[in-house]
Amino acid sequence: MSGILIIGCGTPGRGDDAAGIAVARRLRERGIAASEHSGDGADLLEAWSGADTVFLVDAVSSGAAAGTVTEWDARTAPVAGSPAGTHAFGVAEAVGLARVLGRLPASLTIIGIEAASFAHGAPLTPEVERAVESVSERLILVYEEYSGKGRRP
Amino acid sequence: MTSRTIKVDYLARVEGEGALQVKLRGNRVEDVRLKIFEPPRMFEGFLRGRRYTEAPDITARICGICPVAYQMSAVHAMERILGIAIHPQVRALRRLFYCGEWIESHVLHIYMLHAPDFLGYPDAIKMAADHKDAVERALRLKRIGNRLVALLGGREIHPVSACVGGFHRVPAKAELRALEDDLKWALDAAIATAKLVAGFEFPDFEQDYEFASLSHPGEYPFNEGRFVTSDGIDIDVSEFEDNFIEQHVKHSNALQAQKRRGGSYLVGPLARYNLNFGKLPGVARQVALECGIEPPCRNQFRSIVVRAVETIFACDEALRIIAEYERPPEPFASAPVRPGAGHAITEAPRGSLYHRYEIDAAGLIKSARIVPPTSQNQKRAEEDLWALIPGIISKPQHEITHICEQAVRNYDPCISCATHFLKLNVSGPGA
């Protein structure tokens, strides 16, 4: 596998924790092969292995307003805490470990969608729903630009 | 006399959310509380009124690390109610499914969560800088466990293929054979893991545990057997609640289990190993003895070695099952619905997981009871701390705190199952 990879992380059925999954599903509806991932850190390294440009979308909890979208370049900015929530070994750990092991993709952008609720069985909150739409639209453009230009290293 | 409190507000490297508080008065331990403060999960309530077929998928959501265990206990309990006998190859596939979960869960705990304690690193990332090969080995091993779970369960996390009577889909022989080379590598990697962790330094901490696990006449237990303890309890799984009781303790959102006749007991790798050593395949027994853990091993700090031995077993067992596999004619067996109550215990990576269901004539769940391994071990984990602290009380506070956290991680507590986080607090004069 080479080229661009879009990964949506999260847990369906746990309210806004499903934000990343919802983005992946929207992209697939548009024919873009986005993958869903639980956010298990040890497996993320495998998930992005071979890809050179990776976008990872996950719900975050930073205290910002619900639906706030934040982007990090994970190659340069440290990812503090675990955006995945309470997993013992989540997205932040995966980035840290990949850095140590030399297994970071050439480009790794993490897109965080601020969550409001992680309740069991709850749907996405309206603010997060809107953020899912805007992040999906942005990633469709990124994907089209990437594929259209056939940009391969 | 000075009092001090050892507090860990957020216990790291455990699954879920919890805290540890230890109160000391002079050189005496006054109180130990392992707190589990994620709000109780109302799964037993959600299940009421749902169809019996939904229990495996609903309960699998309780835990991202051991969903296979939840599915297995749920399907076996329902099959007991309906009198369904599963095909021997379906039975074998369920063991294989469990092998995958044990490999992924044990490897995560050994390398990412527990090894940093023994090697003196705050976390696996710092450890990886100096132990790249070991961490790469761990990632590849865990991946192989995930592939097994994904092949049988349809996906790695929260698998969806297990159902009452079997699986929605069973793999073709060639699909399983495709995993053989990786599993042969995994077997060697698991042996190397056991030898690596056996070289760690272990505190001299032997306890008189009452070990408890399933026991099967011919197999190292996964899905079937009587529930036995080292002190003579030997019961059908339907008698579990006659012998063990869950009690609410004020400081925890999870219920704590104990024996009805009083006292704690221990479930999980160390208990399984001591009670079932003879059922392990030769390779696992031999490596275990080379690693210096002749049973009975009564030191929970050495449970990291036992997890590695169980990983050897899981790889070896997976290879055996795949070599003997013939695709069953039907993926699942079924039977007409009838009302009744059914019980099951299966061996989750962290220990025995009990489910009991009652269903009505329409197949709707009237009541459900789930007793996860972490709630069974919580009392015993607190007792370990009561016993451990007097021997380390003269050490600096940060060392006491570290050893206490390590002792809790011996249990690989899955607080997400017991209710989700673990936090330790050290405060008081000088803290």
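Tutor: An axis here is a line fitted to C-alpha atoms, for a helix over the stretch in contact, and the angle between two axes runs from 0 to 180 degrees between N-to-C directions. With that in hand we can examine helix packing in this model, which is a predicted one.

Student: At what angle do helix α6 and helix α8 of chain B cross, and within what distance do their axes come?

Tutor: Helix α6 (residues 132-153) of chain B and helix α8 (residues 180-198) of chain B cross at roughly 135 degrees, and their axes come within 10 Å.

Student: What makes α6(B) oblique to α8(B)?

Tutor: Angles over 145 degrees count as roughly antiparallel and those from 65 to 115 as roughly perpendicular; the crossing angle of roughly 135 degrees falls in neither class, nor under the 35 degrees for roughly parallel, and therefore α6(B) is oblique to α8(B). The handedness of this crossing is left-handed.

Student: Which residues meet in the contact of α6(B) with α8(B), and how do they divide by class?

Tutor: From α6(B) come B:Ala134, B:Arg137, B:Leu141 and B:Ile144, and they meet residues of α8(B) including B:Asp182, B:Leu183, B:Ala186 and B:Leu196. By class the contact has nine nonpolar, no polar and two charged residues; since Asp and Arg count as charged, B:Arg137 and B:Asp182 are the two charged residues.

Student: Why are α1(A) and α4(A) called oblique to each other?

Tutor: Their packing angle is about 45 degrees, with the axes 9 Å apart. Because roughly parallel needs an angle under 35 degrees and roughly perpendicular one of 65 to 115, the value of about 45 degrees leaves α1(A) and α4(A) oblique. This crossing is right-handed.

Student: What is the make-up of the contact of α1(A) with α4(A) by class?

Tutor: It divides into nine nonpolar residues, one polar and one charged. On the α1(A) side are A:Ala19, A:Ala22, A:Val23, A:Arg26 and A:Leu27, and among the residues they meet in α4(A) are A:Val128, A:Ser136 and A:Ile140. Because Arg counts as charged and Ser does not appear among the nonpolar or charged types, A:Arg26 is the charged residue and A:Ser136 the polar one.

Student: Where do these two helices lie relative to the strands of chain A?

Tutor: Helix α1 (residues 19-29) of chain A lies across β1, β2, β3 and β5, running at about 135 degrees to β1(A), while helix α4 (residues 126-148) of chain A lies across β1, β3, β4 and β5, at about 160 degrees to β5(A). Those five strands form an open sheet of mixed pairing, in the order β2-β1-β3-β5-β4.

Student: What makes β2 and β4 of chain A the edge strands?

Tutor: Each of them, β2 (35-37) and β4 (69-73), pairs on one side only. From one strand to the next, the twist averages 25 degrees.

Student: How do you know that β3 and β5 of chain A count as paired?

Tutor: Strand pairing requires at least two bridges, and β3 (residues 53-60) and β5 (residues 107-114) of chain A have eight, in the parallel sense, so they count as paired. Within β5(A), A:Gly112 stands opposite A:Asp58.

Student: Turning to chain B, how do you know that β11(B) pairs with β12(B), and what joins β12 to β13?

Tutor: β11(B) and β12(B) have nine antiparallel bridges, against a requirement of at least two, and therefore they pair; they form a hairpin with two residues between them. B:His343 has B:Arg356 of β12(B) as its bridge partner. Six bridges join β12 to β13 of chain B, again antiparallel, and this hairpin has five residues between its strands, with B:Gly363 in the turn at a positive phi of about 85 degrees.

Student: Why is strand β11 of chain B described as largely enclosed?

Tutor: Seven of its nine residues (340-348) are buried, so the rest of the structure largely encloses it.

Student: What makes B:Phe240 buried rather than exposed?

Tutor: The cut-off for buried is 20 or more other C-beta atoms within 10 Å; B:Phe240 has 22, and is therefore buried. B:Phe240 is found in helix α9 (residues 240-243) of chain B and touches B:Phe227, B:Ile235, B:His343, B:Ile345 and B:Tyr354, not counting residues up to four places away in sequence. Its C-alpha atom is separated by 9.8 Å from that of B:His355, 115 residues apart along the chain.

Conventions: Residues are numbered from 1 along each chain as its sequence is written. Chains are lettered from A and ligands numbered from 1 in the order in which they are written. This is a predicted model: local features need pLDDT of at least 70, side-chain atom pairs count only at pLDDT 80 or more; totals for chains, interfaces and linings use all residues. Helices (H or I, at least four residues) and strands (E, at least two) are DSSP runs, numbered from the N terminus. Two residues are in contact if their C-beta atoms, placed from the backbone, lie within 7 Å. A residue is buried if 20 or more other C-beta atoms lie within 10 Å of its own, exposed if 12 or fewer, and partly exposed in between; C-beta atoms are placed from the backbone. A crossing is left-handed if the near helix is turned anticlockwise from the far one by less than a right angle, and right-handed if clockwise.
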